[in-house]
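This report goes through a protein model from its overall architecture to two residues with notable backbone geometry. Please keep the sequence and the coordinates at hand while reading.

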Amino acid sequence: MTVKLHHIGIGVKSLEDTVSYFKRALNLEPFEYVMLSGSKAALFKVGDVILEFIEPDDHPVNQAGRSIMNIVSTTGGGIQHLAFELADFDKAVQNLKDNDLNLNEEGVRCGKHGRFAWLEQVRNQGYMIELCEKDYKIG
């Protein structure tokens, strides 16, 4: 199974402050802004990996949104998830089932830019794992 790191989701208090900081510190600018369920994000390409800085709104509507809100409110921000691109998405999902690992309650989802799924969160892990199919785009 071919797996590569696709993106890292990082919860932040202020997207505006984060974008400004990265522009001043590293001369990096987002290549895209996206609205997500219960949050907004700025996407930065760094090498082959995307940094997804996510600012939650006040009313998260799903587990991912609640997780980001929790990270920002308790620690001020930090890594919320690691997303892995899978060359054979269906085979990888079947492999999880075969090894008694579960997707979260939302299961495999079809976004407007490809399929993705979240692994059931492991207690005290501190971050979530997202799986996405080849050529998946955030948004």
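In what order do the elements of the protein run from the N terminus on? In this predicted model, the order is β-α-β-β-β-α-β-α-β-β-β, and the secondary structure thus listed comes to 3 helices and 8 strands.

**Confidence**

The pLDDT of the protein averages 88, and 96% of the residues score at least 70. When mean pLDDT is taken element by element, helix H1 (residues 15–26) has the highest value, 97, whereas helix H2 (residues 63–75) has the lowest, 83.

**Overall dimensions and packing**

For a compact globule of 139 residues a radius of gyration near 14 Å would be expected, and the 15 Å computed for the protein agrees with that. The C-alpha trace spans about 45 × 30 × 25 Å along its principal axes. Of the 139 residues in the protein, 43% are buried. If one considers contacts between residues at least 6 apart in sequence, 55% of these join residues at least 24 apart.

**Surface and charge**

About 8200 Å² of the protein is exposed, and 49% of that area is supplied by carbon and sulfur atoms. As for charge, the protein carries 20 negative and 15 positive side chains, with the centres of the two sets lying 2 Å apart.

**Two aspartates with positive phi**

Where along the chain are aspartate 100 and aspartate 135 found? Aspartate 100 lies in the loop between helix H3 (89–98) and strand E6 (109–111), while aspartate 135 belongs to the segment after strand E8 (128–133). Neither aspartate 100 nor aspartate 135 is a glycine, and yet each has a positive phi, as the table sets out.

| Residue | Phi | Relative accessible area |
|---|---|---|
| Aspartate 100 | about 55° | 69% |
| Aspartate 135 | about 65° | 59% |

Are these residues buried or exposed? Because exposed means over 50% relative accessible area, aspartate 100, with its 69%, counts as exposed, and aspartate 135, at 59% relative accessibility, is likewise classed as exposed. For aspartate 100, then, a positive phi of about 55° goes together with an exposed position in a loop that follows helix H3 and leads to strand E6. For aspartate 135, a positive phi of about 65° is found at an exposed position in the segment after strand E8.

Note on methods:
Residues are numbered from 1 along each chain as its sequence is written. This is a predicted model: local features need pLDDT of at least 70, side-chain atom pairs count only at pLDDT 80 or more; totals for chains, interfaces and linings use all residues. Side-chain values use heavy atoms; hydrogens and water are left out. Helices (H or I, at least four residues) and strands (E, at least two) are DSSP runs, numbered from the N terminus. The radius of gyration is taken over C-alpha atoms; the globule rule is 2.2 Å times the number of residues to the power 0.38. Buried means under 20% relative accessible area, exposed over 50%, partly exposed in between (1.4 Å probe, protein chains only). Contact means heavy atoms within 4.5 Å. Accessible areas come from the Shrake-Rupley method with a 1.4 Å probe; for residues, only the protein chains shown count as cover. Lys and Arg count as positive and Asp and Glu as negative; His and the chain ends are not counted. The place of a charge is taken as NZ of Lys, CZ of Arg, CG of Asp or CD of Glu. pLDDT is the predictor's confidence in each residue, from 0 to 100.
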